[in-house]
Amino acid sequence: MYVNGEGVEQNYSKAFEWWEKAAERGNLEDLYNLAATYANKQSVEQDYIKTFEWLMKAAESGNAEARKIFESLLQKTCE
C-alpha cells in the first residue's frame with residue numbers, strides 16, 4: 001500500500017515499518033521485502049549484512065525467490 005501509494009501517499013519509510021512488523025511475525029513476502037529494501041537502500045541505509053540476514057530468514061522460511069537468490073550468493077562467495 002505505502003510503497004505504491006495505493007490509497008495513501010507513497011512513503012517507503014512507512015512501508016518499511018509495516019514490512020518489519022510483518023516479517024517479525026514470519027510473513028514470507030515481507031521477510032523478502034526487507035532484504036530487498038536493505039539491498040536497494042529504499043528509506044534505509046544500504047546494508048548488505050542485513051540484506052543477507054533477512055534473505056536467509058526468508059529462504060529458511062520457504063520463500064522460493066529468496067532461496068534462489070541466497071543460493072546464488074552462496075555459490076558466488078565460494079568461487
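Which residues does Leu28 touch, not counting residues up to four places away in sequence? The legends below begin with that residue and refer throughout to a predicted model.

**View A. Leu28 in helix α2 and its contacts with Ala58, Ser61, Gly62 and Asn63**. Leu28 belongs to helix α2, which covers residues 28-40, and, once residues up to four places away in sequence are set aside, Leu28 touches Ala58, Ser61, Gly62 and Asn63. One of these, Asn63, is 35 residues from Leu28 in sequence, although the two C-alpha atoms are 5.7 Å apart in space. The relative accessibility of Leu28 is 31%, so Leu28 counts as partly exposed.

**View B. Thr51 in helix α3 and its polar contact with the backbone of Ala39**. Thr51 is part of helix α3, residues 48-60, and because its relative accessibility is 10%, below the 20% limit, Thr51 counts as buried. A polar atom of the Thr51 side chain lies 3.0 Å from the backbone nitrogen of Ala39. Apart from neighbours within four places in sequence, the residues in contact with Thr51 are Ala35, Tyr38 and Ala39, so that Ala39 appears both in this list of contacts and in the polar pair.

**View C. The packing of helices α3 and α4**. Two packed helices are described by the angle between their axes and by the distance between those axes. For α3 and α4, the axes come within 8 Å and cross at roughly 125 degrees, which means that α3 is oblique to α4, since this angle falls between the perpendicular range, which ends at 115 degrees, and the roughly antiparallel class, which lies over 145 degrees. The crossing of the two helices, α3 and α4, is left-handed. From α3, the residues Phe52, Leu55, Met56, Ala58, Ala59 and Glu60 take part, and they meet Ala66, Arg67, Ile69, Phe70, Leu73 and Leu74 of α4. Ala58, listed here on the α3 side, is also one of the residues that Leu28 touches in View A.

**View D. The salt bridge between Lys68 and Glu65 in helix α4**. A search of the whole structure finds 1 salt bridge, and the side chains of Lys68 and Glu65 meet in a salt bridge with an N to O distance of 3.5 Å. Side chains of opposite charge can pair when their charged atoms come close. Lys68 and Glu65 are separated by about one helical turn, because they are 3 residues apart in helix α4, residues 64-78. Lys68 counts as exposed, with a relative accessibility of 54%, whereas Glu65, at 37%, counts as partly exposed.

Note on methods:
Residues are numbered from 1 along each chain as its sequence is written. This is a predicted model: local features need pLDDT of at least 70, side-chain atom pairs count only at pLDDT 80 or more; totals for chains, interfaces and linings use all residues. Side-chain values use heavy atoms; hydrogens and water are left out. Helices (H or I, at least four residues) and strands (E, at least two) are DSSP runs, numbered from the N terminus. Buried means under 20% relative accessible area, exposed over 50%, partly exposed in between (1.4 Å probe, protein chains only). A polar contact is a pair of N or O atoms within 3.5 Å; within protein, one must be able to donate a hydrogen and the other to accept it, and residues adjacent in sequence count only if both atoms are side-chain atoms. Contact means heavy atoms within 4.5 Å. A salt bridge is a side-chain nitrogen of Lys or Arg within 4 Å of a carboxyl oxygen of Asp or Glu. Axes are lines fitted to C-alpha atoms, for helices over the stretch in contact, and angles run from 0 to 180 degrees between N-to-C directions. Angles under 35 degrees count as roughly parallel, over 145 as roughly antiparallel, 65 to 115 as roughly perpendicular and the rest as oblique. A crossing is left-handed if the near helix is turned anticlockwise from the far one by less than a right angle, and right-handed if clockwise.
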